[in-house]
Amino acid sequence: QVQLVESGGGLVQAGGSLRLSCEASGSIAAINSMAWYRQAPGKQRELVAVLSSDGRLNYADSVKGRFTFSRAGVKNTVNLDMLNLKPEDTAVYYCNANIRDTGLGQAYDYWGQGTQVTVSS
C-alpha cells in the first residue's frame, strides 16, 4: 500500500505565502515523478508543477516565478512553496505521484486527499 499525505493548506491574504508538503509512504520501490495539481470550484483539475526522478521541473505558466517545487530533507517528501499568492490561486491542492509498488512491479498514479488553499483579496 502506498499513501500520499498533504499538509500545509490554509487561509492567507493576497500577497502572502504558504508551504504545502506531501509525504509518500508505504511499499515504495521507486518514485518516477511527483506533482501538484489544483482544482478550483467549478473548474477542472489542473497541473501546477511536476518533478521527475531525474530532477526535471515544470511549472504551469500561471505560477512560474511565484511557486517553487522542491524535495524536502525528509525522504519521499516534497514541498511546494507558494509566494505572492493571488485570489485565483484558491483551490484544493492535490499531491500526485507515479510510484512503483514493491509488490505490484508496475507503476501507478497515487493521489493525496487534498488540502484547501484560500487566498482572500
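**Close-up views of a predicted model**

**View 1. The surroundings of T77, a residue at one end of the span 77–82 that makes up strand β8.** Leaving aside residues up to four places away in sequence, T77 is in contact with C22, E23, R71 and A72. The model shown here and in the other views is a predicted one. T77 belongs to strand β8, which covers residues 77–82. Is T77 buried or exposed? With a relative accessibility of 11%, T77 counts as buried, because the cut-off for that class is under 20%.

**View 2. The open sheet that contains strand β8.** Four strands build this open sheet, and they follow one another in the order β1-β3-β8-β7, with antiparallel pairing. At the edges are β1, residues 2–7, and β7, residues 67–71, each of which pairs on one side only. On average, neighbouring strands of this sheet are turned by 15° against each other, when direction is ignored. In a regular strand, side chains alternate between the two faces of the sheet.

**View 3. The pairing of β1 with β3.** Strand β3 spans residues 18–26 and runs antiparallel to β1, to which it is joined by 6 bridges. Within this pairing, E6 is found opposite C22 of β3. The residue C22 also appears in the first view, where it is among the residues that T77 touches.

**View 4. The hairpin of β4 and β5.** Strand β4, residues 28–39, and strand β5, residues 46–52, run antiparallel and are joined by 6 bridges. One of the residues to look for in β4 and β5 is M34, whose bridge partner in β5 is L51. Between the two strands of the hairpin there are 6 residues, and G42 takes a positive phi near 75°.

**View 5. The hairpin of β5 and β6.** Strand β5 is also joined by 3 bridges to strand β6, residues 57–59, and these two strands run antiparallel. Here L51, which is the bridge partner of M34, stands opposite L57 in β6. The hairpin leaves 4 residues between β5 and β6, and in its turn G55 has a positive phi of about 95°.

**View 6. R45 and the rings of Y94 and W111.** Over the ring of which tyrosine does the charged end of R45 sit? The ring is that of Y94, and the charged end of R45 is 3.8 Å from its centre. R45 also lies over the face of W111, where the distance to the ring centre is 4.7 Å. As for pairs between aromatic rings, the structure holds 1.

Notes. Residues are numbered from 1 along each chain as its sequence is written. This is a predicted model: local features need pLDDT of at least 70, side-chain atom pairs count only at pLDDT 80 or more; totals for chains, interfaces and linings use all residues. Side-chain values use heavy atoms; hydrogens and water are left out. Two strands pair if DSSP finds at least two bridges between them. Axes are lines fitted to C-alpha atoms, for helices over the stretch in contact, and angles run from 0 to 180 degrees between N-to-C directions. Buried means under 20% relative accessible area, exposed over 50%, partly exposed in between (1.4 Å probe, protein chains only). Contact means heavy atoms within 4.5 Å. Rings of Phe, Tyr and Trp (its six-membered ring) pair if their centres lie within 6.5 Å; planes under 30 degrees apart count as stacked, over 60 as edge-to-face and the rest as tilted. A charge sits over a ring if NZ of Lys or CZ of Arg is within 6 Å of the ring centre and within 35 degrees of the ring normal.
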